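Me: I've got a protein model open and I'd like to work through it with you. Can we go step by step?

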Amino acid sequence: MKKYIVVMTSLLLLITKLCADGKDSTDIFIKDDSKCLQFLIGSDFRLSSFQGSTISFKKHLSNTRAFRFGVTISGNIEDRNDFYDYENDTLDYRQIKDINNFGINIIGQYLKYIPYKHSHLYYGCGPRIIFSKTTIKSQTQVYTTGDWEASSTAGKSYSKNFQIGLIFVAGIEVFISKSISIHSEYNQGISYRYYWYKQYINDNTDLIRKNNSYFFDKSGVKFGCSFYF
């Protein structure tokens with residue numbers, strides 16, 4: 001990972017030096033209505049999501065101001081059978097679970113650019129909102145008379161996670177063509193998180209758990225590329 005960071009940092013510095021020796025054409029690359037999609041460059045140089053896996057988008061208000069946002073939406077419905085078989089016991093049982101998950105992660109930032117030739121220093125901040133919920137319904141069944149029969153154990157659990165915070169960012173963006181740039185940035189955030197969990201066994205409340213916390217969230221240095229259109 002350290003080697004990857006050194007390589008990417010050296011590449012950015014080299015491109016910045018080469019571009020600085022050329023003609024100043026900042027206005028050609030970024031215009032008032034410039035738009036782009038952004039991607040993260042991984043340690044194996046594969047592209048992945050930069051701010052949001054569903055979309056990561058940036059819109060310039062001018063050549064020195066921009067707004068960007070990322071959205072990640074996730075969810076799944078899973079039916080799962082967990083079997084338990086004991087060698088020294090004739091009783092087998094299984095637990096059938098219905099699991100529903102949903103989550104959304106939204107990040108938005110207002111950025112201020114300081115252009116110099118083909119490179120741009122930028123900084124800014126913006127909110128991050130995360131919400132997720134999970135519902136699990138389970139039923140235990142025993143194998144006794146040649147068929148699976150429901151036992152007296154049935155459970156339900158509900159959990160919700162809410163997080164809101166503010167992310168600060170500072171970085172440099174270097175254009176390698178009129179429509180493609182690479183960028184390196186550092187992120188630091190502060191967030192508030194609230195978590196709620198409730199569990200029922202046979203329709204009786206068995207457990208309720210709540211907690212909240214404040215924390216600093218440092219994602220370190222990220223390298224990415226943008227495709228303008």
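Me: How many disulfides does a search of the whole structure find?
Reply: Keep in mind that this is a predicted model. A disulfide needs two cysteine sulfur atoms within 2.5 Å. Searching the whole structure for such pairs gives a count of zero.

Me: Why is the sulfur of Cys225 not in a bond with the closest cysteine sulfur?
Reply: The closest cysteine sulfur to that of Cys225 belongs to Cys36. A disulfide would need the two sulfurs within 2.5 Å. They're too far apart for a bond, because the distance is 9.8 Å.

Me: Is Cys36 buried or exposed?
Reply: The cut-off for buried is under 20% relative accessible area. Cys36 has 0% relative accessibility, so Cys36 counts as buried. Cys225, with a relative accessible area of 6%, gets the label too: buried.

Me: Which residues make the nonpolar surface patch of about 300 Å²?
Reply: One of them is Ile164, which lies in strand β7, residues 148-175. At 38% relative accessibility, Ile164 counts as partly exposed, and a patch residue needs over 30%. The full set is Ile106, Ile129, Phe162 and Ile164.

Me: Which elements give two or more residues to the lining of the largest pocket?
Reply: That pocket holds about 210 Å³ of space. It's lined by 13 residues, and those closest to its centre are Ile107, Arg128, Ile167, Ser219 and Lys222. The elements giving two or more lining residues are β5 (92-116), β8 (180-201) and β9 (204-228).

Technical notes:
Residues are numbered from 1 along each chain as its sequence is written. This is a predicted model: local features need pLDDT of at least 70, side-chain atom pairs count only at pLDDT 80 or more; totals for chains, interfaces and linings use all residues. Side-chain values use heavy atoms; hydrogens and water are left out. Patches are made of residues with over 30% relative accessible area and no salt bridge: like charges are joined within 9 Å, nonpolar side chains (Val, Leu, Ile, Met, Phe, Trp, Tyr) within 5 Å. Accessible areas come from the Shrake-Rupley method with a 1.4 Å probe; for residues, only the protein chains shown count as cover. A salt bridge is a side-chain nitrogen of Lys or Arg within 4 Å of a carboxyl oxygen of Asp or Glu. Helices (H or I, at least four residues) and strands (E, at least two) are DSSP runs, numbered from the N terminus. Buried means under 20% relative accessible area, exposed over 50%, partly exposed in between (1.4 Å probe, protein chains only). On a 1 Å grid over the protein atoms alone, a cavity is a set of points where a 1.4 Å probe fits but cannot get out, and a pocket is an open set with protein on both sides within 12 Å along at least five of seven lines; lining residues have an atom within 4 Å of a point. Grid points are joined across faces, edges and corners, and a volume is the space filled by probe spheres set on the points.
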